[in-house]
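Me: I would like to learn how to read a model like this one, feature by feature. Can we take it in short steps?

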Protein chains: 4
Amino acid sequence: MPRQPEAPKIGDNSVNGAHLRAFVERVERLEEDKKALSDDIKGVYAEAKGNGFDAKQMRAVIRIRWQDRDKRREEQEVLDMHLAALGLL
Amino acid sequence: MPRQPEAPKIGDNSVNGAHLRAFVERVERLEEDKKALSDDIKGVYAEAKGNGFDAKQMRAVIRIRWQDRDKRREEQEVLDMHLAALGLL
Amino acid sequence: MPRQPEAPKIGDNSVNGAHLRAFVERVERLEEDKKALSDDIKGVYAEAKGNGFDAKQMRAVIRIRWQDRDKRREEQEVLDMHLAALGLL
Amino acid sequence: MPRQPEAPKIGDNSVNGAHLRAFVERVERLEEDKKALSDDIKGVYAEAKGNGFDAKQMRAVIRIRWQDRDKRREEQEVLDMHLAALGLL
DNA sequence: TGGACGAATGGGCGCC
DNA sequence: GGCGCCCATTCGTCCA
């Protein structure tokens, strides 16, 4: 018998609601922080623009650097997989 | 003559580069924090799921509450405008 | 007066319907071809698996090679942008 | 003794590598074709849009027709099974 | 207003 | 055979 997560039960409404509310509020709080960071980032771009830099260029640079990091990590993974496949890890 | 921000000049390369680098790194730092928050949010959804709540529903709830807040604020603004128009504010 | 694309007019129903149908059928045909390719790809992975290769590893390799190509293209773009910013392009 | 596919052996590296490379390139080729088709599909949607049709609606239509086709096929299968059960097929 | 970006949904896949 | 993860596509939002 598949044990799906308990559906909300009558009688548990209030406690359940409180539980749900807590989760919802945690998410909302985090989302607010996230939005604040987004605004900060925009601010930095605006400041950079005021100093003669182009946002498009900056984004391109950042993307490259990001890809570099990702690529390094992934290459490491591939290497590990190959080593593991050879029984050397 | 409209004074648009100075384009990068040859000869300023090093100082300019340092300047650009600073902006780039500030953005990258903020982006990392933002990503961390995104992950936290996912964590909360996962935890909620483990307690029998559905992420999709939660998102719907959060969207509604968000709209409500916006609506309230807007209504407050309208009210303030009316009061101001009546010289009561 | 903003000229938004003509809304379907009463009386044009049949011609309009024929027009829409033509677009829909073109998309459907292309989607079928695409699905066929997806199946081919699965076939190749299956064949490779039959020869002792692991799909996960292959995917990792392909992803890396793909990133390489992308990265090259993007770096070229960044270079072009920098050159353009210096008035050298 | 169950003959599971040979794991890559040390000493077979080069031939193995060539083999793997062949599979990888076949996949990459197919993926490119697939991407080309995706782009074609986008092109059709763009063209339709230019003729006043909405992509979202078109997608809905296509989805419905797809489901219909599936349903028809399934019903046909059921019918065939019944006919076969009656020795009429 | 169209394009770019991030988030969200749905489907495919392997694991248990 | 169900479950959770991962990827592809799609949808909404923001900026130019």
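Me: Which residues are around DNA strand F?

Reply: First, a caution: this is a predicted model. To read a DNA surface, list the residues that have a heavy atom within 4 Å of the strand. Around DNA strand F these are A:Lys42, C:Lys34, C:Arg63, D:Lys56 and D:Arg59.

Me: What part of DNA strand F comes within 4 Å of the protein?

Reply: Look at the strand's own atoms. For DNA strand F, sugar and phosphate make up 100% of the atoms within 4 Å of the protein.

Me: How do the residues near DNA strand F divide by class?

Reply: Count them by class. The surface near DNA strand F has 5 charged residues, no polar ones and no nonpolar ones.

Me: Where do side chains come to a phosphate oxygen of DNA strand F?

Reply: Check the distances from side-chain N or O atoms. For A:Lys42, such an atom is 2.6 Å from a phosphate oxygen of the strand. D:Arg59 also has a polar side-chain atom 2.6 Å from a phosphate oxygen of DNA strand F. For D:Lys56 the distance is 3.4 Å.

Me: Which residues surround DNA strand E?

Reply: Repeat the steps. The list for DNA strand E is A:Lys34, A:Arg63, B:Ser38, B:Lys56, B:Arg59 and C:Lys42. By class, that surface has 5 charged residues, 1 polar and no nonpolar. Here too, look at the strand's atoms within 4 Å of the protein: 100% belong to sugar or phosphate.

Me: Which polar side-chain atoms lie by a phosphate oxygen of DNA strand E, and how far away is A:Lys34?

Reply: Take three cases. A:Lys34 places a polar side-chain atom 2.9 Å from a phosphate oxygen of DNA strand E. For A:Arg63 the distance to a phosphate oxygen of this strand is 3.4 Å. For B:Ser38 it is 3.5 Å.

Me: What turn and shift lay chain B on chain A?

Reply: To relate two copies, superpose them and read the operation. A turn of 177° with a shift of 0.2 Å along the axis lays chain B on chain A, at an RMSD of 1.3 Å. The two copies are therefore related as by a two-fold rotation axis. Within chain B, the C-alpha nearest that axis belongs to B:Lys34, at 2.9 Å. The same surface serves both copies, since 94% of the contact residues of chain B recur in chain A.

Me: How many salt bridges does the structure hold?

Reply: Over all chains there are 36 salt bridges. One of them joins A:Asp39 and A:Lys35, with the closest N and O atoms 3.5 Å apart.

Me: Why are A:Asp39 and A:Lys35 separated by about one helical turn?

Reply: Start with helix geometry. An α-helix has 3.6 residues a turn, so residues three or four places apart point the same way. A:Asp39 and A:Lys35 are 4 residues apart in helix H1 (residues 13–50) of chain A, so about one helical turn separates them.

Me: How does the reach of helix H2 of chain D compare with what is expected?

Reply: Compare the end-to-end C-alpha span with 1.5 Å a residue. Helix H2 of chain D (residues 55–85) has 31 residues and reaches 45 Å, close to the expected 45 Å. Just after H2(D), D:Gly87 has a positive phi of about 70°.

Me: What follows H2(B)?

Reply: H2(B) is followed by B:Gly87, with a positive phi near 70°. Helix H2 of chain B itself covers residues 55–85 and reaches 45 Å.

Terms used. Residues numbered from 1 in each chain as written. Chains lettered and ligands numbered in written order. Predicted model: local features only at pLDDT ≥ 70, side-chain atom pairs only at ≥ 80, totals over all residues. Heavy atoms only, no water. Helix = DSSP H or I, 4+ residues; strand = E, 2+ residues; numbered from the N terminus. Expected span 1.5 Å × (residues − 1). Polar contact = N/O pair within 3.5 Å; in protein donor to acceptor, adjacent residues only side chain to side chain. Nonpolar A, V, L, I, M, F, W, Y, C, P; charged D, E, K, R; others polar. Least-squares fit on C-alpha atoms with pLDDT ≥ 70 in both. Contact = heavy atoms within 4.5 Å. Salt bridge = Lys/Arg side-chain N within 4 Å of Asp/Glu carboxyl O.
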